[in-house]
Amino acid sequence: MRQRLLILLLALLLWPMAARAEPAFPALSGRVVDDAALLTLENRALLNDTLQRHEQMTGEQFVVVTVPDLQGMPIEDFGYQLGRHWGIGQKGRDNGALLIVAPNDRQTRLEIGYGLEDRLTDAASALIINRVMLPAFRAGDFNKGIVEGTQAALSVLGGTTSEQLAAQLPPNEDQDDPLPWPVIVLLILFYFMIVRSRRSGSVMGPIILGSTLGRSSRRGGFGGGGFRGSGGGFGGGGASGRW
């Protein structure tokens, strides 16, 4: 737990540098983009068929994507920018979602479009990640974590409540350690640095904001097999996890 907090703090401190980098997003080759080669051929086909049927029935687009790493970006920034770059979901309905796995950075995220946030909420997304996906990833079983995580997300979109899903899942045995006081002090200092930089007109805030807005304006994308995004919008809804 302490190591995770220190990594989080380091990521926050390095955020301005990461925001300057232009990400090289993978091509939208289908409903399953397995650039990190984590899935078997059978599970890729299973996921593709499942996601295609879901879209045919609901109009909602759900894409599973694995990338080797996040190119130094926070996964939250990577996720919503990728969703907008590909244009996942229908324009005007914003009914798209991404399941992202980056094995080299040991991070995963459910990125939810504006139009699905009322059903696949942040709390439901966190439940799926922490109780379904991360235990499988820690055991080295990416196929199980990705397939069952996708199925759980589609189940919630189909009407299963967070309470019903939680009752179906094994308990979370990962206990949090108390927050160490040096980390608390550093987080407080970092917060006041950000506040001060905004009041003084420092370039840190504009760099982050300008870089984010500049890249987030790109929408749309074509994929193989006739699949493409339709301009869905993303605003950072969802949840992330690290194993």
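## A tour of the predicted model

Of the protein's 243 residues, 47% count as buried. The model is a predicted one. Colour it by secondary structure to begin: the protein has 8 helices and 5 strands, and along the sequence they follow the pattern α-β-α-β-α-β-β-α-α-α-α-α-β. Residues 24 or more positions apart make up 78% of the contacts with a separation of 6 or more. With the surface switched on, about 12100 Å² is exposed, and carbon and sulfur atoms supply 56% of that area.

**The sheet**

Select the strands. The 5 strands form an open sheet with mixed pairing, in the order 1-2-3-4-5. At its edges are strand 1 (32-34) and strand 5 (234-242), each pairing on one side only. Neighbouring strands are turned against each other by 15° on average, direction ignored.

Next, select residues 96-102 and 107-113. These are strand 3 and strand 4, which run antiparallel and are joined by 6 bridges. To find one pairing, pick Ile100: its bridge partner in strand 4 is Arg109.

**Helices on the sheet**

Add residues 41-58, which form helix 2. Helix 2 packs on the sheet and touches strand 1 and strand 2 (61-66). The direction of helix 2 makes about 150° with that of strand 1. Then add helix 5 (residues 142-157), which lies across strand 2 and strand 3 and runs at about 160° to strand 2.

**The nonpolar cores**

Show side chains for Phe62, Val101, Leu120, Ile128, Met133, Phe137 and Ile146. These residues have the most contacts inside the largest nonpolar core, which has 35 residues. At least two residues of this core come from each of helix 2, strand 2, strand 3, strand 4, helix 4 (122-138) and helix 5.

Centre the view on Phe137. Leaving aside residues up to four places away in sequence, Phe137 touches Val101, Thr108, Phe142, Gly145, Ile146 and Trp243. Now move to Phe25, Met73, Phe78 and Tyr80, which are among the 19 residues of a second, separate core.

**The salt bridges**

Side chains of opposite charge can pair when their charged atoms come close. The model has 4 salt bridges; three are visited here.

Select Glu55 and Arg31. Their closest N and O atoms are 3.0 Å apart, and the two form a salt bridge. Glu55 belongs to helix 2, while Arg31 sits in the loop between helix 1 (2-20) and strand 1, so this pair, 24 residues apart, links distant parts of the chain. Both Glu55 and Arg31 are buried.

Select Asp34 and Arg44 next. This salt bridge has its closest N and O atoms 3.1 Å apart, and it links strand 1, which holds Asp34, to helix 2, which holds Arg44, across 10 residues. Is each partner buried or partly exposed? Asp34 is buried because its relative accessible area is 12%, under the 20% cut-off. Arg44, at 30%, is partly exposed.

Finish at Glu60 and Arg119, whose side chains meet in a salt bridge at 2.4 Å, N to O. Glu60 lies in the loop between helix 2 and strand 2, and Arg119 in the loop between strand 4 and helix 4; the two are 59 residues apart. Glu60 counts as buried because its relative accessibility is 6%, whereas Arg119, at 31%, counts as partly exposed.

Key. Residues are numbered from 1 along each chain as its sequence is written. This is a predicted model: local features need pLDDT of at least 70, side-chain atom pairs count only at pLDDT 80 or more; totals for chains, interfaces and linings use all residues. Side-chain values use heavy atoms; hydrogens and water are left out. Two strands pair if DSSP finds at least two bridges between them. Helices (H or I, at least four residues) and strands (E, at least two) are DSSP runs, numbered from the N terminus. Axes are lines fitted to C-alpha atoms, for helices over the stretch in contact, and angles run from 0 to 180 degrees between N-to-C directions. Contact means heavy atoms within 4.5 Å. A nonpolar core is a set of buried Ala, Val, Leu, Ile, Met, Phe, Trp, Tyr and Cys residues joined through side-chain atoms within 4.5 Å. Buried means under 20% relative accessible area, exposed over 50%, partly exposed in between (1.4 Å probe, protein chains only). Accessible areas come from the Shrake-Rupley method with a 1.4 Å probe; for residues, only the protein chains shown count as cover.
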